[in-house]
Amino acid sequence: MLHLAESQPRTDTETVLSVENLKAYYQMNYFGVSREVRAVDDVTLAIRRNEIYGIAGESSSGKSTLIKTIAGAIQPPLRVVSGSVTFNFAGKPLDVYGAPEAMKDARWRHLSYIMQGSMNVLNPVRRVKHAFHDFAFAHMGLANTAFWGRVREHLKRLGLDPRVLDSYPHQLSGGMRQRLTIALATVCEPEFIIADEPTTALDVLVQQDVLALIKDVQQRMGSSIIFVTHDMTVHAAIADRIGIVYAGRLVEEGPTEDVFAKPQHPYTVHLISSLPRLGDVTRRKALPGKPPNLSDPPAACRFHPRCPLAVDRCRTENPPLVPRASGRVACWRAGEAEVS
Ligand SMILES: Nc1ncnc2c1ncn2[C@@H]1O[C@H](COP(=O)(O)OP(=O)(O)OP(=O)(O)O)[C@@H](O)[C@H]1O
């Protein structure tokens, strides 16, 4: 069952992250033939202070690559082809790909990145407290006693018993390890948190606990969060705004409530129509076809081969992402598909 995040009046209008025309491609070489996998293809978005922004889309649509690129955490074969990523920390602009040293300084202190499967980053042969020391001590500028006092306080605020610091990861459940990973990522009170599938691999009850924890941390610190998951119910639970990615492109964006209530793009309509509903046992309709191969994506609108509303124009002209209703949408037939 869906629980939409309670809408809160957002007074923060300051932009903390601005992504402009970002393109990031995997440069592949298969038996001497080089190919580009266009995983992030011309994405423009902005995130405000104190906002939770969720990125949704099916597997292989480029969600993880997008937030990896935003976090400045790219490695070959991935490369940024064009565009920019700029944070605004403590009132100062930080160009992720133009100022690598400043970016290094900003990590942990202003920006924290919870990677997919990060609950497994805790070293299995060392007690949990070493992870806090290794990752956070250098960034907090506190003496030893004050540092550990701060860590314990932080854990308690998040409802965790500080005695977990003396545990080994294998003594803890997956849910507890994920809560610790979130505690670790937020102990320096960063202004911006990037999280990739923070609740995948957890069972539903633990998932709800972890989501509540993320929301609580964000509200306490007034930080902004961008997170990725393919699970629309997670977006419904915590995102203030949601961005829908299809084949490396942002195709729709808007306040979560509006996107769920009145999706504009036929792909978003499909995602919402596929959600299970209490008491409804009818089979959900699958989308025809497969997600496109990003080294040879369809021309013009990338969704057109699977779109029930496609017309000639969709096959020849790429629809730009334009303001519509309370958000933005990239579709020549926006607003015409209905949730079933
Ligand atoms: N290291 C890599 N080398 C080459 N191609 C990659 C690499 N990582 C991802 N890709 C390709 O980039 C595209 C986008 O993948 P990405 O992992 O960003 O999608 P995703 O939406 O996050 O998927 P998932 O939900 O399954 O994690 C896919 O076509 C994928 O095969």
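This is a short talk on two sheets, a ligand shell and a pair of helices in one predicted model.

I'll begin with the smaller topic, the four-stranded sheet. Its order is β2-β1-β4-β5, it is open, and the pairing is antiparallel. The strands at the edges are β2, residues 33-48, and β5, residues 92-95, and each of these pairs on one side only. On average, neighbouring strands here are turned by 15° against each other, if direction is ignored.

Let me walk across this sheet pair by pair. β1 covers residues 15-30, and twelve bridges join it to β2, the two running antiparallel. If you want a place to look, find Thr15, whose bridge partner in β2 is Arg48. On to the next pair: β1 and β4 are joined in the antiparallel sense over eight bridges. There, Lys23 stands opposite Ser82 in β4. Then come β4 and β5, again antiparallel, over four bridges. In that pair Phe87 faces Leu94, which lies in β5. β4 and β5 form a hairpin with two residues between the strands, and Ala90 in this hairpin takes a positive phi near 45°.

One helix goes with this sheet. Helix α1, residues 63-70, lies across β1, β2 and β4, and runs at about 65° to β2.

That brings us to the ligand. How many residues surround the ligand? The count is 15, and the closest are Tyr26, Ser59, Lys63, Ser64 and Thr65. The elements giving two or more residues to this shell are β1, β2 and α1. Of these, α1 gives the most, with three residues. By character, the shell has eight polar residues, six nonpolar and one charged.

Now the other sheet. It has eight strands, it is also open, and the order is β6-β7-β8-β3-β9-β10-β12-β11, with mixed pairing. At the edges are β6, residues 111-114, and β11, residues 322-324, each pairing on one side only. Neighbouring strands in this sheet are turned by 20° against each other on average, direction ignored.

I'll show one pair from it. Strand β10, residues 249-255, is joined to strand β12, residues 327-329, by two bridges, and they run antiparallel. Glu252 has Val329 in β12 as its bridge partner.

Two helices on this sheet are worth pointing out. α5 packs on the sheet and touches β6 and β7, the latter being residues 192-196; the direction of α5 makes about 160° with that of β6. Helix α9, residues 266-273, also packs on the sheet, touching β3 (52-56), β9 (241-246) and β10, and its direction makes about 110° with that of β9.

Last, α5 again, this time with a helix as its partner. In general, a packed pair of helices is described by the angle and the distance between the axes. α5 is residues 174-186 and α6 is residues 204-221; their axes come within 10 Å and cross at roughly 15°. Are they parallel or antiparallel? An angle under 35 degrees counts as roughly parallel, so α5 and α6 are roughly parallel to each other. Their crossing is right-handed.

As for what touches what, the α5 side has Gly175, Gln178, Arg179, Ile182 and Thr186. These meet Val206, Asp209, Val210, Leu213, Ile214, Val217 and Met221 in α6. The residues of this contact divide into seven nonpolar, three polar and two charged.

That is the end of the tour.

Key:
Residues numbered from 1 in each chain as written. Predicted model: local features only at pLDDT ≥ 70, side-chain atom pairs only at ≥ 80, totals over all residues. Axes fitted to C-alpha atoms, helices over the stretch in contact; angles between N-to-C directions. Parallel < 35°, antiparallel > 145°, perpendicular 65-115°, else oblique. Left-handed = near helix turned anticlockwise from the far one by under 90°. Contact = placed C-beta atoms within 7 Å. Nonpolar A, V, L, I, M, F, W, Y, C, P; charged D, E, K, R; others polar. Pairing = 2+ DSSP bridges. Near = placed C-beta within 6 Å.
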